[in-house]
Amino acid sequence: MQGLVYADLTRHRLTKTAGGSTFQFPDLVAGDELRLGLRMTESVDGSAVEVDRSVVGLKASLGFVDQRPTAGTWGLDVDGSPVAAIPFGAVAGDLTLAGHTFEDVDGGLILSKDDGSQLVVAAENVDLDPISFVEIREFQQNSAYKYEIRLVQAPIASTSSFLELVPPAPAITSIQVGGTDSSSGAAWNEIQALSLDPTFRGTYQLRRGYRKTSLLSIEDGIDEISDAINASLKDDDDETFVVTNPSNNLAHIEFAGDAGGVAQDLLTVEVFSAPTGDPTFVLDLNTHDLFAALRGANEIKPQLEIELVLEDENGGAEDFTVTVCRQEVKVIDEINKESNTTAQNVDWLRAPDGTTYKPYGAGQIITGSQHYVATFGDASNTSFTFNHNLNTQDVHVTVRDNSTGDILEGAAFDSNITGVNSLDVSTIFTPASNGCAIVITSAGPASAFQAHSHAIAEVDLLQGVLDDLGLRLQVVESLVPTGAISSSISTATSEVAKWKLPEAFEVYPKRGEITGTKVSDIDQSTLPRAGGRLLPAVFDAAPTVVTDLPGSPALNKAYRLATGNLTLPGYRGIRSREIGAFDYFAWDGLGFYQVENVFSADLHEVALADWLTDGTDDAVFSFADEKPQLGENKVGLVKLRGVGLEIPQLVDGWYPYKSDDDGDTMTVIGTTMGADSGTLNTYETAAFTSSNEVVNVTEALIETGGTAMTLEIPGSSVHSDAGARFLFMHVEVNDAGTTGLTTGIHKFYNLGNDSDSWAAVTSGLNDGTLACDLDVTYPKTLQTFEDVDSGEVNRFYPVDFKRELFKVHVNDKQLRLKSKLELDFSLEMAALLADTDVQWGVVVQTGEIITDLLDSGNNGEGREIAGIRWNRPSLDQVVHLTDVVATHNFGLRVYRSSDNEITCSSVEYGQEYGGVQAPSNPNFVVRGLLHRFDVGELNESATGMVAYSGLSVDGEAGGEASITA
């Protein structure tokens with residue numbers, strides 16, 4: 001494992017980010033190395049702040065806390081008197097020393113002199129297994145000196161060496177060398193790439209000859225980089241630099257204008273200022289003690305402790321020590337042992353594979369053998385004939401004794417060349433069976449050179465390169481007007497498409513007449529005395545599954561409807577609402593209202609082609625041709641529609657699934673089918689949802705250990721997600737038994753990728769192992785901790801305050817190569833008559849259009865829209881509202897490069913932030929939402945109204961979206 005983490009000096013823990021969640025180590029593999037860099041933070045006024053500290057010492061150890069040896073002996077020297085060969089498990093009664101007393105204590109012994117005087121005690125001849133220390137501590141009790149002696153296992157891996165390593169500096173590389181074709185006049189611009197390591201700290205400058213930019217940092221985006229370059233690095237005013245952001249931490253710098261069409265020297269990067277490096281250590285897990293601890297076990301769970309010795313930042317004379325990490329980690333045995341190494345199998349009878357694209361000709365191909373190797377000997381003969389087929393008499397012969405490895409001298413054997421392809425060998429002794437080996441090497445091989453050709457398929461990746469060039473050439477040909485192509489270089493842009501966003505104005509919950517067309521027009525003195533009901537968001541890690549409105553609902557609690565439909569009555573300005581199965585709702589003290597998670601996704605549907613099962617509880621379904629892919633290694637829930645009688649088990653239920661590495665098949669778990677296969681009709685489809693579903697699991701094994709519980713789900717793993725380290729789910733316990741868990745839903749975390757074991761962090765559990773009946777509730781989407789903060793998937797927001805502001809459809813003809821979508825809008829927002837704090841979130845998402853190529857009636861009506869699969873938000877900004885009207889400006893940028901790479905940036909209050917969620921193809925939808933509504937109180941007094949208007953406040957025109965190329 002290798003990584004960079006943050007060491008919280010205040011809370012003594014490792015975190016993923018400054019002030020973020022606690023860092024959880026993945027499973028460590030014996031034989032590997034743990035390379036870890038530490039970046040230090042401290043808590044200042046409740047916030048984590050990165051600090052520089054001078055580290056003078058570091059110690060990292062992996063071992064078991066206060067464990068005794070299991071074998072061996074040890075000895076003592078007490079004032080020169082030896083107590084030798086003490087067994088590892090000896091107690092006080094086993095030891096005698098005249099004038100001294102031994103006492104038993106928990107985990108050790110206490111030695112004292114009968115007169116209470118001070119002693120000189122030292123351990124000697126320590127031969128304990130596993131390797132252990134003899135710890136001796138002196139203390140006084142009732143004026144008498146006593147010595148506690150404890151045998152403690154040494155760490156199984158440890159290091160005190162470290163280096164302060166600085167992150168890689170920003171670097172410039174060449175992507176495309178500029179130039180102009182002399183015959184056609186066609187020109188292409190120089191493109192250079194600026195790469196920024198995300199761990200880099202400090203400032204840097206870009207240089208072009210003697211010119212240099214202003215100081216830049218890792219926080220600067222493409223706008224700041226572009227401004228700095230265009231302001232400082234131009235040789236004349238007609239030169240232009242275009243900066244784009246094709247991927248995270250990478251900026252492409254294109255030389256345009258007068259700088260276009262010619263090769264340019266590489267820009268250079270100079271680090272102007274940077275803090276000291278990050279203390280980095282390597283903990284070697286290839287130790288005898290570690291492998292010894294793994295004997296008889298596939299895994300162990302030792303403690304990892306990291307200790308820093310820091311200089312006093314206040315100028316004190318003494319250094320101080322702080323332990324920044326003390327946590328349990330899992331170490332598993334390795335499979336790839338050093339002894340597993342095999343020799344490479346080279347088939348000399350086959351032509352060599354193409355490992356390089358360097359050009360070569362027929363004269364470089366040689367045919368025929370250059371040497372011949374064989375073993376010989378049969379324990380009876382001394383003369384042997386070898387047909388070497390080297391086609392030459394100019395050969396060299398070497399004979400080796402296979403038993404000793406000695407090369408035989410000429411006196412030990414004679415060789416006689418009998419032709420261009422054969423020779424005889426006679427030995428002065430009788431070789432044993434295969435007791436000798438012969439190597440015949442041609443001194444000057446008669447090489448045969450022949451003309452040859454290669455098929456495109458024989459050159460790896462060549463067909464893909466040609467296909468890509470062909471597609472790009474088609475695009476170029478479609479854009480070229482009749483006549484000659486101009487050789488001039490132009491930086492002009494033109495508008496390809498434009499949308500006018502709708503005007504919006506609403507006050508909610510509305511009471512009485514409100515005049516005006518925007519929030520700033522509202523005369524707040526004319527508003528009614530009291531506003532409507534303002535609804536709170538709910539944070540609930542364990543929603544309760546119900547089939548009707550609960551009789552005694554609780555505040556700050558999420559409920560989920562299991563089946564059917566249910567009407568939530570209206571109250572205090574909140575309209576009644578009908579919800580369906582798998583929907584969530586909450587109670588605010590006066591009434592029920594619907595809630596949802598921001599990351600919820602919509603139902604979508606694809607056609608199926610065939611199915612196959614091998615007799616297990618799983619069935620594999622293939623998607624029909626030309627259907628949209630589900631996605632690589634995705635997990636979720638599926639319901640099959642219109643499936644025939646050959647698989648009746650799948651008609652009515654929801655089942656967990658996992659797609660394959662290509663995303664064109666899915667494995668449906670738990671179908672209890674026999675070994676069979678079949679072809680499906682064109683109207684049979686699979687509907688995928690991300691809503692919570694309940695799957696029954698009976699007699700699940702529960703292992704408890706006092707403060708944590710492990711749930712083992714029987715059967716094959718159903719929660720795999722490629723690259724994921726931890727997943728989460730909710731488990732509803734119907735029969736708590738003696739686990740110490742109350743009946744209801746509890747939160748569990750997966751112990752690792754492809755694991756059937758789940759652990760709950762819960763207190764008050766009983767020790768022991770038992771079985772109980774459970775309902776396992778799969779979450780909306782099996783998110784990894786690196787994708788979504790675990791707190792987000794447990795936070796539910798009122799649907800009554802969710803608004804769709806706009807929806808813009810974009811196609812690939814509009815967002816063509818080397819074009820960008822610019823979407824900008826403004827909102828006036830305020831909270832009126834509110835007696836509490838109010839927040840409202842602005843969310844902008846892109847979505848993939850899902851088309852149903854086979855209409856439901858199967859009448860050949862053509863392509864139909866089946867739905868939109870929304871991506872994670874590209875912009876997600878929470879706004880706090882007061883009675884002061886405020887204007888908020890947002891936007892989105894979507895770039896499509898010349899090599900068909902799509903990137904996205906959010907625009908928040910005039911600042912562009914790159915690297916956000918981008919659509920996967922140029923046919924997509926952009927929508928703007930008001931969501932994440934919440935108030936500061938959770939009782940009946942949360943009242944008022946919220947108002948918004950836009951999408952452009954200052955001008956007559958509404959907000960706009962446009963595409964330029």
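Which side chains meet Arg577 and Asp800 in a salt bridge, and at what N to O distance? Each meets the other, at 3.5 Å, N to O. The tour comes back to this pair after a look at the whole model.

**Before you start**

This is a predicted model: local features need pLDDT of at least 70, side-chain atom pairs count only at pLDDT 80 or more, and totals for chains, interfaces and linings use all residues. Residues are numbered from 1 along each chain as its sequence is written, and side-chain values use heavy atoms, with hydrogens and water left out.

**Whole protein**

Show everything as a cartoon. The protein has 3 helices and 71 strands. Helices (H or I, at least four residues) and strands (E, at least two) are DSSP runs, numbered from the N terminus. Of the 965 residues, 42% are buried. Buried means under 20% relative accessible area, exposed means over 50%, and partly exposed lies in between (1.4 Å probe, protein chains only). Now switch on the surface. About 48,800 Å² is exposed, and carbon and sulfur atoms supply 48% of it. Areas come from the Shrake-Rupley method with a 1.4 Å probe; for residues, only the protein chains shown count as cover. Among contacts with a separation of 6 or more, 69% are between residues 24 or more positions apart. Contact means heavy atoms within 4.5 Å.

**Stop 1: strand S6**

Select residues 55-63, strand S6. Of its 9 residues, 7 are buried, so S6 is largely enclosed by the rest of the structure. Add residues 303-310, strand S28: S6 and S28 pair antiparallel over 8 bridges. Two strands pair if DSSP finds at least two bridges between them. Then add residues 157-159, strand S14, which is joined to S6 by 3 bridges, also antiparallel. Click Leu62. Leu62 stands opposite Leu304 in S28 and opposite Ala157 in S14.

**Stop 2: a sheet of 4 strands**

Next, find the open sheet with the order S16-S19-S24-S23 and antiparallel pairing. Its edge strands are S16 (171-176) and S23 (239-247), each pairing on one side only. The twist averages 30° from one strand to the next. Strand S24 (residues 250-257) runs antiparallel to S23, with 7 bridges between them. Ser247 has Leu250 in S24 as its bridge partner.

Select residues 222-232. This is helix H1, which lies across S19 (191-195), S23 and S24 and runs at about 160° to S23. Axes are lines fitted to C-alpha atoms, for helices over the stretch in contact, and angles run from 0 to 180 degrees between N-to-C directions.

Stay here and pick Gln176, in strand S16. Gln176 is partly exposed, at 31% relative accessibility. Leaving aside residues up to four places away in sequence, Gln176 touches Trp188, Asn189, Glu190 and Ile191. Gln176 and Glu190 are 14 residues apart in sequence, and 5.4 Å apart C-alpha to C-alpha.

**Stop 3: a sheet of 6 strands**

Move to the open sheet with the order S40-S60-S46-S45-S42-S41, where pairing is mixed. S40 (538-539) and S41 (544-546) are at the edges with a single partner strand each, so one side of each has no neighbour in the sheet. S41 pairs in the parallel sense with S42 (residues 558-561) over 3 bridges. Val546 has Leu561 in S42 as its bridge partner.

**Stop 4: salt bridges**

The structure holds 31 salt bridges. Each is a side-chain nitrogen of Lys or Arg within 4 Å of a carboxyl oxygen of Asp or Glu.

- Return to Arg577 and Asp800, 3.5 Å, N to O. Arg577 lies in strand S44 (residues 577-579) and Asp800 in the loop between S60 (795-798) and S61 (803-810), so the pair ties together parts 223 residues apart in sequence. Arg577 is partly exposed at 27%, whereas Asp800 is buried at 4%.
- Show Glu299 and Lys330, 3.8 Å, N to O. Glu299 is in strand S27 (residues 299-300), and Lys330 is in the loop between S29 (320-328) and S30 (331-332). Glu299 is partly exposed at 38%; Lys330 is buried at 18%.

**Last stop: a surface patch**

Select Ile456, Val465, Leu466 and Leu469. They form a nonpolar surface patch, with about 320 Å² of accessible area together. Patches are made of residues with over 30% relative accessible area and no salt bridge: like charges are joined within 9 Å, nonpolar side chains (Val, Leu, Ile, Met, Phe, Trp, Tyr) within 5 Å. Leu466 sits in helix H3 (residues 462-479) and is partly exposed, at 37%.
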